[in-house]
Amino acid sequence: LSAFRQREAVSAVGSSNMENDIILKFHQQLFLISENLVTEDVAALKFLCTDLLHLSKLEGVKSAADIFKLLMAQEYLNAEDTFLLAELLYRIKCHSLLEKLGYTKEKVQERLSEKGKISPYRQMLYELSENITSEMLKEITFLLQDHLPKRWMILSALDLLTLLEKQGLLTKDNVKILEDVCMTVSPDLLETIDCYKKGKVLCCNIFSLPDVHTAAKLLKELGVVPSFCLTKMHRKRCVMLSSEEEETTVDGVFYFNPRLDLNTWYLKFWFFSSLKMFFAFFFFLQTMKSYKMDGPHRGFCLIINNVNFNSSQRKGSCKDAEQLERVFTWLGLDVRTYRDLTSEEIINLMETWQHVPDHKDRNCFICCILSHGKSGAICGTDDRFVSIRVLTSHFTAKQCPQLAAKPKLFFIQACQGDKIQRPVYVDTDGPTPDLSSTQERVSLSESIPEEADFLLGMATVDGYVSFRHMEEGSWYIQALCSKLQLLVPRGEDILSILTQVNEDVARRDSPSGTKKQMPQPAYTLRRKVIFPIPMAPPPS
């Protein structure tokens with residue numbers, strides 16, 4: 001008996017040590033995450049936790065670690081369950097920190113429907129704040145001056161929203177004050193609010209609906225889900241209802257027979273339990289809406305065509321530039337072409353266009369760069385490289401408020417590596433290879449800002465050359481122009497078009513039959529980019 005008790009005591013000590021190790025590791029994870037969050041991130045976390053923690057306690061928060069302590073005290077966060085913190089990091093787009101918790105962006109997205117705790121109301125307000133530029137904030141504050149304390153100093157959009165909530169002017173059931181100011185300052189912001197209101201109306205009314213047909217009708221009238229369709233694409237994208245004619249199972253979500261009453265207990269069970277999953281898709285469905293592209297002025301399109309370098313000439317590039325100019329002019333853009341720019345001139349050009357006031361009246365901005373390149377950079381005619389990230393960052397909402405919440409599209413025809421030998425009659429868009437050097441790689445995601453509304457279309461994946469015919473132009477640009485002319489009249493969005501471009505380029509090969517190419521897009525678009533169908537026929 002004594003030996004048994006001794007073994008039991010040893011086991012308890014071992015278990016206690018293991019538990020302490022787990023807790024220590026957990027606290028180390030929180031410390032590392034806290035150290036990587038800046039002041040703006042902490043403010044965002046405080047705002048997103050407003051519905052979970054007492055406001056009086058949040059006001060004393062100075063760091064992310066303070067928020068973590070409050071969440072642990074309320075048992076929202078512990079070593080066994082870190083999902084709330086993962087959700088918060090996902091919401092504020094700190095995706096690189098998720099791995100410290102053992103998550104990825106995709107894993108968080110998969111579990112949001114089951115474990116998400118941030119309300120649609122709080123998500124809506126945060127998304128709205130992300131799209132309010134400093135200029136918009138000044139205008140909104142001016143409009144609300146009668147509702148704000150006279151000595152109150154504006155620091156951020158989140159501060160303004162928090163103050164409106166404190167004064168009772170803004171609640172989950174009353175967002176009229178936001179609608180009024182957004183209508184005046186930037187009607188595009190209303191889309192976020194409208195989507196929230198539609199979901200709220202649905203939540204309030206759907207439980208009282210007498211049958212499935214009435215539910216389906218409400219969903220369609222609200223515009224939250226499309227009309228019933230049996231296509232595979234729709235099945236994957238949204239929660240569906242079965243048709244009048246047949247009894248169907250749609251992605252294992254709903255099991256409906258339209259002829260049965262919803263009051264049948266098992267139908268009610270499936271229906272109500274699926275609602276949570278539906279609202280998890282709420283903001284995803286919102287992102288599937290289209291950017292405004294039907295204004296009187298579509299936008300500016302810059303084409304930088306570098307042909308003549310110190311040690312080489314990019315033959316066939318003029319063919320690409322001419323075709324891009326014809327196609328984007330046809331699509332309603334104001335095209336400006338620049339030729340043979342040095343690295344400094346390219347940067348200066350971006351700075352100039354960054355401050356063009358006419359962006360405010362345009363729907364989008366497009367920039368096409370035809371040059372040599374290496375991983376994450378393009379080359380000026382002086383053979384000096386410019387980071388693609390540096391170029392795109394000139395047009396973030398902070399640097400270029402006139403383009404805030406509008407799509408910024410960059411198409412880059414340039415090599416992203418220099419390890420492939422050039423075949424006969426086909427040139428590569430890269431400098432002469434130096435096999436003795438090791439090239440530093442830059443991932444494509446690092447070339448675009450973390451802000452929303454950017455698309456970067458690269459002619460090739462990182463580390464590889466892109467091909468250009470010396471007379472007919474580059475594979476990528478010619479395929480892009482061809483697919484735009486073919487698919488814009490069919491109403492296709494830009495990502496669908498780029499998928500077709502990928503397929504086109506992937507089918508091509510060099511004259512020797514041994515060299516291939518695969519383009520790669522990266523994007524932070526929140527909606528579809530669909531060009532209005534031009535009245536004139538395609539240019540070629």
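## A pocket, a small sheet and Thr342

The second largest pocket holds about 670 Å³ of space. This is in a predicted model, so keep that in mind while looking around. Lining the pocket are 29 residues, and Met136, Ser186, Asp188, Lys360 and Lys406 are the ones closest to its centre. What does the lining consist of, in terms of nonpolar, polar and charged residues? The residues divide into 10 nonpolar, eight polar and 11 charged. As for secondary structure, helix H8 (residues 134-143) gives the largest share of the lining, with three residues.

Now step back to the chain as a whole. The chain has 540 residues, and 47% of them are buried. Its secondary structure runs to 20 helices and 14 strands. If you take the contacts with a separation of 6 or more, 70% of them are between residues 24 or more positions apart. The accessible surface of the chain is about 27100 Å², and carbon and sulfur atoms account for 52% of that.

One of the sheets to look at is an open one, built from three strands in the order E6-E7-E8 with antiparallel pairing. Strands E6 and E8 are its edges, each pairing on one side only. In general, the strands of a sheet pair through backbone hydrogen bonds, either parallel or antiparallel. Here are the strands and where they sit:

| Strand | Residues |
|---|---|
| E6 | 373-374 |
| E7 | 377-379 |
| E8 | 385-387 |

Between E7 and E8 there are three bridges, in the antiparallel sense. Within this part of the sheet, Cys379 stands opposite Phe385 in E8.

That leaves Thr342. Where in the chain does Thr342 have its place? Thr342 is in the loop between strand E4 (334-339) and helix H17 (343-354). Is Thr342 buried or partly exposed? Its relative accessibility is 21%, and buried means under 20%, so Thr342 counts as partly exposed.

Which residues does Thr342 touch, once its neighbours within four places in sequence are left aside? Thr342 is in contact with Gly380, Thr381 and Asp382. For the sheet described above, E7 covers residues 377-379 and E8 covers 385-387, which gives you the numbering to place those contacts against. Another residue to find from here is Asn306: Thr342 and Asn306 are 36 residues apart in sequence, and their C-alpha atoms are 8.6 Å apart in space.

Methods:
Residues numbered from 1 in each chain as written. Predicted model: local features only at pLDDT ≥ 70, side-chain atom pairs only at ≥ 80, totals over all residues. Heavy atoms only, no water. Helix = DSSP H or I, 4+ residues; strand = E, 2+ residues; numbered from the N terminus. Buried < 20%, exposed > 50% of the residue type's maximum accessible area, 1.4 Å probe, protein only. Contact = heavy atoms within 4.5 Å. Areas by Shrake-Rupley, 256 points an atom, 1.4 Å probe, with all protein chains shown as cover. Pairing = 2+ DSSP bridges. 1 Å grid on protein atoms, 1.4 Å probe; cavity = no way out; pocket = protein on both sides within 12 Å on 5 of 7 lines; lining within 4 Å. Points joined across faces, edges and corners; volume = space filled by probe spheres on them. Nonpolar A, V, L, I, M, F, W, Y, C, P; charged D, E, K, R; others polar.
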